Amino acid sequence: MGKKSYFTRVGFLLTLSLVLLFSILPAETQAAKPMPKAEMRAAWIATVQNIDMKAGMSKPQFTAWSRQTLDQLKKNRFNTVIFQVKPTNDSLYPSKLSPWSSFATGKKQGTNPGYDPLLIMTEEAHKRGMELHAWVNPYRVTMPGQPLSSLARNNIAVLHPEWVVKYGQQYYLNPGIPEVQDYLIAAMQELVSNYDIDAVHMDDYFYPYKIKNQSFPDQAAFKEYGQSYTKIEDWRRDNVTQLVGNLYSAIKGVKPWVQFGISPFGVWRNKSLDKTGSDTKAGVNNYDDLYADTRQWIKNGSIDYVTPQIYWSRSLSAANYSTLVSWWANEIKQYAKARPVNLYIGLADYKVNNDSDKAWRNKMELANQISMNRGNAYVKGQMHFSLKNIQKNALGYMSIVKQQMYMHQALTPAFGNAADSRPPKPATVKATANKSGINLSISGQSQNQPRKYAIYRFLGNKAGSIQSPAALLDVVYNQSGVATYIDSTAQAGKTYTYGVTSLSPYGLESLDAIYVQAKR
């Protein structure tokens, strides 16, 4: 007997409609779990070689650019920006330990732009409820072909040339010299002390990527400082692991709530080199080539998050996206015992319609990667490289991400030990209507001041569930115990119920909300 006989005509047409609806969606989207309420959605803003930020802007120009950039990201429902503030042992903020970056002014390193880019970007991000992660490159001194004579006189590489090595066409601080580590720790302490950033973010540049037939020139330092090691490779890995652990301790010693995250190359080791490695055939790996034992950092709990740069498609055999996401998730599951470590995935927005791998010609590739991330309980979100590619929106891929993946706002994930207690709900919330919209004034409890507040909105005079991602209206930072928010999207003549919760400095949300009603 045919299936059609089991249905009434109406029932059959309804079923057919549903089949047609889901058939036009990609298989991965169909299988995706419901949209998470908390998810990392970050954009890298690269300043090195002015990839995402032009040089020579005045303060008004930079302020306007930062506002426009953040408004666009917020519209696409991103919740975090990763702003590169130390691209080459310099800084995009006033520092006693490093010179002004030439990428800020387009002029000689050390030239003061006349304003503080990091301060402006941090303040503007927080005004929009977005986190600011300060992106640093610790060891890199120059870009390829750049001479030491181009550096500012107060650059540490000029003051201490004995700390510097040349490899290929670039100069680096030697990771094996203890004084180098002391300097890098001091630089991070200065950064965290002076700015209200949410995280310090390191990328994949540890020991430099290998150059064929060239050895990294650190044999003299190994002879002096590596006496307890028989292999120079083990000593190099320990140098990086020590720096990571010491940076974590230094950051937490200044502000315990500031996160420390690293975005390493996407492969720890191939299975051919280590049976516990990933089933990949990558030409480079962290452990053997960059001397970065990312697994050990997870074991030690010396990072708050790890963002492997899995810049390959789901169909590439040598380094498959799906294979690597599963491998990294298993690392977190198996080894993050000393302290919780959040796993985010670095996405290759720059490859969309711009790579020899034909998979990147599919406008759904990135959206489907996000869908796959959500299907793994250990993946807490993703970071997109980089800003200019998000803005370019090749093939309309970012429009698809916004419409199908980032349909609603999302909180940033909580991090750190569970010992951090949940904050109490806000003390008071007042709602008043005016020409601009509905104004919310929020104050916290006298103790346990939250870092942020989450605002939920429901149409009518009855509250719904604050667990629904669709109900999340926005996030607002707590400024000196009082926060204000204007809901400019509230429609005239309609009544709304708002629920407001507290978010601790570690991202934990209060169990309860305070509810208020207002009519526009």
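**Why do we call it that?**

Tutor: Let's start with Asp-289, which counts as buried in this structure. Keep in mind that the model is predicted.

Student: What makes Asp-289 count as buried?

Tutor: Its relative accessibility is 13%. Buried means under 20%, so Asp-289 makes the cut.

Student: And is Lys-210 buried, exposed or partly exposed?

Tutor: Lys-210 has 49% relative accessibility. Exposed needs over 50%, so Lys-210 counts as partly exposed.

Student: Why is the contact between Asp-289 and Lys-210 called a salt bridge?

Tutor: Their N to O distance is 3.5 Å. The limit is 4 Å, between a Lys or Arg nitrogen and an Asp or Glu oxygen, so this pair qualifies. The two partners come from distant parts of the chain, 79 residues apart: Asp-289 is in helix H10, and Lys-210 is in the loop between strand E6 and helix H8.

Student: How do you know that Arg-236 and Asp-218 form a salt bridge?

Tutor: Same kind of check: N to O is 2.7 Å, and that is within 4 Å, so they form one. Arg-236 lies in helix H9 and Asp-218 in the loop between E6 and H8, 18 residues apart.

Student: Are Arg-236 and Asp-218 buried or exposed?

Tutor: Arg-236 has 6% relative accessibility and Asp-218 has 0%. Both values are under 20%, so both residues are buried.

Student: What makes Asp-71 and Arg-128 a salt bridge?

Tutor: Their closest N and O atoms are 2.7 Å apart, which is within the 4 Å limit, so the name fits. Asp-71 sits in helix H3 and Arg-128 in the loop between helix H5 and strand E3, with 57 residues separating them. Asp-71 is partly exposed at 43%, whereas Arg-128 is buried at 14%. Both belong to a network of salt bridges that also includes Arg-67, Glu-124 and Lys-127. In total the structure holds 20 salt bridges.

Student: Why is helix H13 described as largely enclosed?

Tutor: Nine of its ten residues are buried, so the rest of the structure largely encloses helix H13. Among the buried ones are Leu-366, Ile-370 and Arg-374.

Student: Moving to rings, how many aromatic pairs are there?

Tutor: A search of the whole structure finds 23.

Student: Why is the pair of Phe-206 and Trp-297 called edge-to-face?

Tutor: The ring centres are 5.3 Å apart, within the 6.5 Å limit, so the rings pair. The planes are at 65 degrees, and over 60 counts as edge-to-face, so that's the label. Phe-206 is in the loop between E6 and H8 and Trp-297 in helix H11, 91 residues apart. Phe-206 is buried at 2%, and Trp-297 is buried at 0%.

Student: What makes Trp-268 and Tyr-287 edge-to-face too?

Tutor: Their centres are 5.7 Å apart with 70 degrees between the planes, so they pass the 6.5 Å and 60 degree cut-offs. Trp-268 lies in the loop between strand E7 and H10, while Tyr-287 belongs to helix H10. Trp-268 is buried at 4%, and Tyr-287 is buried at 18%.

Student: Which charged residue sits over the ring of Tyr-287?

Tutor: Arg-237 does, with its charged end 3.9 Å from the ring centre. That distance is within the 6 Å cut-off. Likewise, the charged end of Arg-140 sits over the ring of Tyr-205, at 4.9 Å from its centre.

Conventions
Residues are numbered from 1 along each chain as its sequence is written. This is a predicted model: local features need pLDDT of at least 70, side-chain atom pairs count only at pLDDT 80 or more; totals for chains, interfaces and linings use all residues. Side-chain values use heavy atoms; hydrogens and water are left out. A salt bridge is a side-chain nitrogen of Lys or Arg within 4 Å of a carboxyl oxygen of Asp or Glu. Helices (H or I, at least four residues) and strands (E, at least two) are DSSP runs, numbered from the N terminus. Buried means under 20% relative accessible area, exposed over 50%, partly exposed in between (1.4 Å probe, protein chains only). Rings of Phe, Tyr and Trp (its six-membered ring) pair if their centres lie within 6.5 Å; planes under 30 degrees apart count as stacked, over 60 as edge-to-face and the rest as tilted. A charge sits over a ring if NZ of Lys or CZ of Arg is within 6 Å of the ring centre and within 35 degrees of the ring normal.
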